[in-house]
Amino acid sequence: MTGIYLDNNATTRVDPLVLAEMLPLFTEQFGNPSSMHGFGAAVGGKVEWARQQVQALLGAAHDSEIVFTSGGTESDNTAILSTLEAFPKKREIITSVVEHPAVLALCEYLEKKRGYTVHRIPVDGKGNLDTDAYDRALSENVAIVSIMWANNETGTLFPVEELARKARAAGALFHTDAVQAVGKIPMRLADSAIDLLSLSGHKLHAPKGIGALYVKRGTRFRPMMRGGHQERSRRAGTENAPGIVGLGAAAELALHHMADENTRVRALRDRLERGLLAAIPNCFVTGNPDNRLPNTCNIAFEFIEGEAILLLLNEHGIAASSGSACTSGSLEPSHVMRAMGVPYTAAHGATRFSLSRDTTDAEIDTVIKVMPGIIARLRALSPYWAGAEKAPREFAPVYS
Ligand code: PLP
């Protein structure tokens, strides 16, 4: 499959260097890492090396703080369920309205079926967390705070280190879903009050189905998977050794490319954004343009449907996204757009372009070239645009 792939927040291409590290694990290095013989030991050593590679990417103090899982969803679920089991008397959870379904759906279940009180902290028009509401929700009754580091739709960053300090002062554990942030921005967990952090391999050029949960040393932990003693009894089940080795290699590469991500990729993203905003009327950036991931840009095109934009982009071999992959297909605009108060007429046309270190200048040129025609074509068919066109205006977001 060739084309221009600007949907890297959905998933990334496995880096060829990652694949090369993984391949021997499918052939001659097939041992079970727990086995007491040479076949096992060879693989066990690689698993432990991968743990150190992930530790380095996170700036964690100890490699034993890394628990390998099947991905972001499992890490999120484990962090929350473990903490609730470890602190059975605390019956409140704090999260935000813009979390990924891996957190939101679990919180809804815990609220409806298990009787927990869930505080969902709102965001403002730019997707910034309402920190006053957060301060008010914190109390000794809160077992866990689960707030994402970077939003998957807009890239907006939350001040998780500060939020974690406050949670600790209130006696709550702090978990962050950092699935979109890990590998894109520098981290130093050793110096932070973050107790638990989720990451997912397929967002940073490792394969799907592998991830990790960071558990700060000393954090009370109750496993979700019970069985063998793998991962120091924190996650039972024979290790996904090829995936783990791939994740380790991807972590090392992400560290290596971090500066590039924050300069070249950011510059490409900014050029794409400026180009589209200059060429297309009635569109605006959603989220906080001054505080977001370097690779993400989400633009709301008024009076058209994001799905239609994606179909026409696809005809040009360009892949982008509207809302998150998990919610697309529904007629409602994404919960993130609604939480920011983006008007329906614009939220429906929200389109996410997420770049990676593979993105080239020429690809950005192509998107800037074809996009105005696509938008004009769709607006020509839009009854809403027919009215709006009579009074075109520079869109000053109607939400604050
Ligand atoms: N959290 C966030 C913010 C995500 O973007 C995703 C994936 O889209 C997940 C969690 C789920 O991760 P996984 O696909 O590894 O289960």
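The following paragraphs describe how the helices and strands of this predicted model are arranged.

The domain assignment divides the chain into domain 1, covering residues 16-254, and domain 2, covering residues 258-387. The C-alpha centres of domain 1 and domain 2 are separated by 29 Å, and the contact between them draws 30 residues from domain 1 and 27 residues from domain 2.

One open sheet is built from 7 strands, which follow one another in the order S2-S8-S7-S6-S5-S3-S4 with mixed pairing. At its edges stand strand S2 (66-69) and strand S4 (117-121), each of which has a single partner strand, so that one side of each is left without a neighbour in the sheet. On average, and with direction ignored, neighbouring strands of this sheet are turned by 20° against each other. Within the sheet, strand S3 (residues 92-96) and S4 run parallel and are joined by 5 bridges, and in this pairing Ile 93 is found opposite Val 118 of S4. Helix H4 (residues 101-114) packs on the sheet, where it touches S3, S4, strand S5 (142-146) and strand S6 (173-177), and the direction of H4 makes an angle of about 150° with that of S3. Helix H6 (residues 160-170) also packs on the sheet, touching S5 and S6, and its direction makes about 160° with the direction of S6.

A second open sheet consists of 3 strands in the order S9-S10-S12, and here the pairing is antiparallel. Strand S9 (283-285) and strand S12 (350-354) are the edge strands, each pairing on one side only, while neighbouring strands of this sheet are turned by 25° against each other on average when direction is ignored. Between S9 and strand S10 (residues 296-301), the antiparallel pairing extends over 3 bridges, and Val 285 stands opposite Ile 299 of S10. Helix H9 packs on this sheet by touching S10 and S12, and the direction of H9 makes about 45° with that of S12.

Turning to the packing of helices, helix H2 (residues 38-58) and helix H8 (residues 241-279) meet at an angle of about 30°, their axes being 8 Å apart, and the crossing of H2 past H8 is left-handed. On the side of H2 the contact includes Val 43, Val 47, Trp 49 and Leu 57, which belong to a set of residues meeting H8 residues that include Ile 244, Leu 247, Gly 248 and Met 258. By residue class, the contact of H2 with H8 divides into 16 nonpolar, 2 polar and 2 charged residues.

Helix H8 also packs with helix H12, here at an angle of about 15° and with the two axes 9 Å apart, which makes H8 roughly parallel to H12. The crossing in which H8 passes H12 is right-handed. The contact is formed by Leu 268, Arg 271, Leu 272, Gly 275, Leu 276 and Ala 279 of H8, together with Asp 361, Ile 364, Asp 365, Val 367, Ile 368, Met 371 and Pro 372 of H12. The residues of this contact of H8 with H12 comprise 9 that are nonpolar, 1 that is polar and 3 that are charged.

Helix H12 (residues 361-380) packs in addition with helix H9 (residues 306-315), and for this pair the angle is about 135° and the axes lie 10 Å apart. H9 and H12 are therefore oblique to each other, and their crossing is right-handed. The contact involves Ala 308, Ile 309, Leu 312, Leu 313 and Glu 315 of H9, which face Met 371, Ile 374, Ile 375, Arg 377 and Leu 378 of H12. Of the residues in the contact of H9 with H12, 8 are nonpolar, none is polar and 2 are charged. Met 371 of H12 is thus listed both in the contact with H8 and in the contact with H9.

How values were computed. Residues are numbered from 1 along each chain as its sequence is written. This is a predicted model: local features need pLDDT of at least 70, side-chain atom pairs count only at pLDDT 80 or more; totals for chains, interfaces and linings use all residues. Side-chain values use heavy atoms; hydrogens and water are left out. Axes are lines fitted to C-alpha atoms, for helices over the stretch in contact, and angles run from 0 to 180 degrees between N-to-C directions. Helices (H or I, at least four residues) and strands (E, at least two) are DSSP runs, numbered from the N terminus. Angles under 35 degrees count as roughly parallel, over 145 as roughly antiparallel, 65 to 115 as roughly perpendicular and the rest as oblique. A crossing is left-handed if the near helix is turned anticlockwise from the far one by less than a right angle, and right-handed if clockwise. Contact means heavy atoms within 4.5 Å. Ala, Val, Leu, Ile, Met, Phe, Trp, Tyr, Cys and Pro count as nonpolar, Asp, Glu, Lys and Arg as charged, and the others, Gly among them, as polar. Two strands pair if DSSP finds at least two bridges between them. Domain bounds come from an automatic or database domain assignment.
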